[in-house]
Amino acid sequence: MAGLISFDGKSPRIDPTAFVAPGAQLIGDVEVGPGASIWYNCVLRGDVHRISIGARTNVQDGTIIHVDSPKPGEEQGHPTVVGEEVLIGHLAMVHGCILHDRAFVGLGSIVMDGCEIEGDAMLAAGAMLTPGKRIASGQLWAGRPAKFVRELGPEEIAGMRAGVAHYAELARAHAEAISRS
């Protein structure tokens, strides 16, 4: 069973059509949209700001999503806002940033405070997007620190979109298997 923990008067809100795997931990001000999937052993900690996960987005196994506290010069801090149909790979760290609809975050990558990844843009596996950077639509960034590599081709963008459908179906299958256990 997933851990749903209230913090500072705020509780996770999960759409009934979303899949939250056993072992996932959702703490505080976390909202999960329709058809989204939060996989095994993910931690979404909305303790000092809010986390929003859009419809049909998938957050793969072991990913950590957190927020950035208010501080001098950044009195508002940074929520983490994840749009619709976003793919976040296994063991990613997503912190105080915005992932627009159809963004892609590769496995084991890091997205830091104040970053934005636009739709149909990709942060490669293992990359680290340092604070305040923005990946424009159609771009691939890679490395530590991440830098622009090249424009994505139409087949790569189509592949990312196909991944959304794949994970939506896989989440349904896992939910059914768990309900039979």
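**View 1. Val59 and its partner across two neighbouring strands.** In this predicted model, Val59 sits opposite Ile88, a residue of strand β10. The strands involved are β7, covering residues 58–59, and β10, covering residues 87–88. They pair in the parallel sense, and two bridges connect them. In general, strands of a sheet pair through backbone hydrogen bonds, and the pairing can be parallel or antiparallel.

**View 2. The open sheet that holds this pair.** Zoom out a little and β7 and β10 turn up as neighbours in an open sheet of eight strands. Reading across, the order is β3-β5-β7-β10-β13-β16-β19-β20, and the pairing is mixed. Which strands stand at the edges? They are β3 (19–20) and β20 (147–151). Each has a single partner strand, so one side of each is left without a neighbour in the sheet.

**View 3. The hairpin of β19 and β20.** Here we're at the β20 edge of the sheet. Strand β19 takes in residues 139–142, and four bridges join it to β20. These two strands run antiparallel, unlike β7 and β10, which pair in the parallel sense. Look for Leu140, which stands opposite Arg150 in β20. Four residues lie between the two strands of the hairpin, and Gly143 takes a positive phi near 100 degrees there.

**View 4. Gly138, in the loop leading to β19.** Gly138 belongs to the loop between β18 and β19. Is this glycine buried or exposed? With a relative accessibility of 9%, Gly138 counts as buried, because the cut-off for that is under 20%. Setting aside residues up to four places away in sequence, Gly138 touches Gly119, Asp120 and Ala121, and also Arg150, Glu151 and Leu152. Arg150 should ring a bell: it is the residue opposite Leu140 in the hairpin. For a sense of scale, the C-alpha atoms of Gly138 and Met93 are separated by 22 Å, with the two residues 45 apart along the chain.

**View 5. Thr130, tucked into a loop.** Thr130 is in the loop between β17 (128–129) and β18 (134–135). Its relative accessibility is 17%, so Thr130 counts as buried. What does Thr130 contact, beyond its neighbours within four places in sequence? The list is Met112, Cys115 and Pro145.

**View 6. Ala55, on the way into β7.** This last close-up returns to the region of the opening view. Ala55 lies in the loop between β6 (43–53) and β7. Ala55 is buried, showing a relative accessible area of 7%. Not counting residues up to four places away in sequence, Ala55 touches Gly33, Pro34, Glu84 and Glu85. Asn41 is 14 residues from Ala55 along the chain, and their C-alpha atoms are separated by 20 Å.

**View 7. Stepping back to the whole protein.** The protein has one helix and 20 strands. Its radius of gyration is 16 Å, which agrees with the value near 16 Å for a compact globule of 181 residues. The C-alpha trace spans about 45 × 45 × 20 Å along its principal axes. Of the 181 residues, 47% count as buried, a group that includes Ala55, Thr130 and Gly138. The exposed area comes to about 8400 Å², with carbon and sulfur atoms supplying 59% of it. As for charge, there are 15 positive and 21 negative side chains, and the centres of the two sets lie 2 Å apart. Among contacts between residues at least 6 apart in sequence, 22% join residues at least 24 apart.

Note on methods: Residues are numbered from 1 along each chain as its sequence is written. This is a predicted model: local features need pLDDT of at least 70, side-chain atom pairs count only at pLDDT 80 or more; totals for chains, interfaces and linings use all residues. Side-chain values use heavy atoms; hydrogens and water are left out. Two strands pair if DSSP finds at least two bridges between them. Buried means under 20% relative accessible area, exposed over 50%, partly exposed in between (1.4 Å probe, protein chains only). Contact means heavy atoms within 4.5 Å. The radius of gyration is taken over C-alpha atoms; the globule rule is 2.2 Å times the number of residues to the power 0.38. Accessible areas come from the Shrake-Rupley method with a 1.4 Å probe; for residues, only the protein chains shown count as cover. Lys and Arg count as positive and Asp and Glu as negative; His and the chain ends are not counted. The place of a charge is taken as NZ of Lys, CZ of Arg, CG of Asp or CD of Glu.
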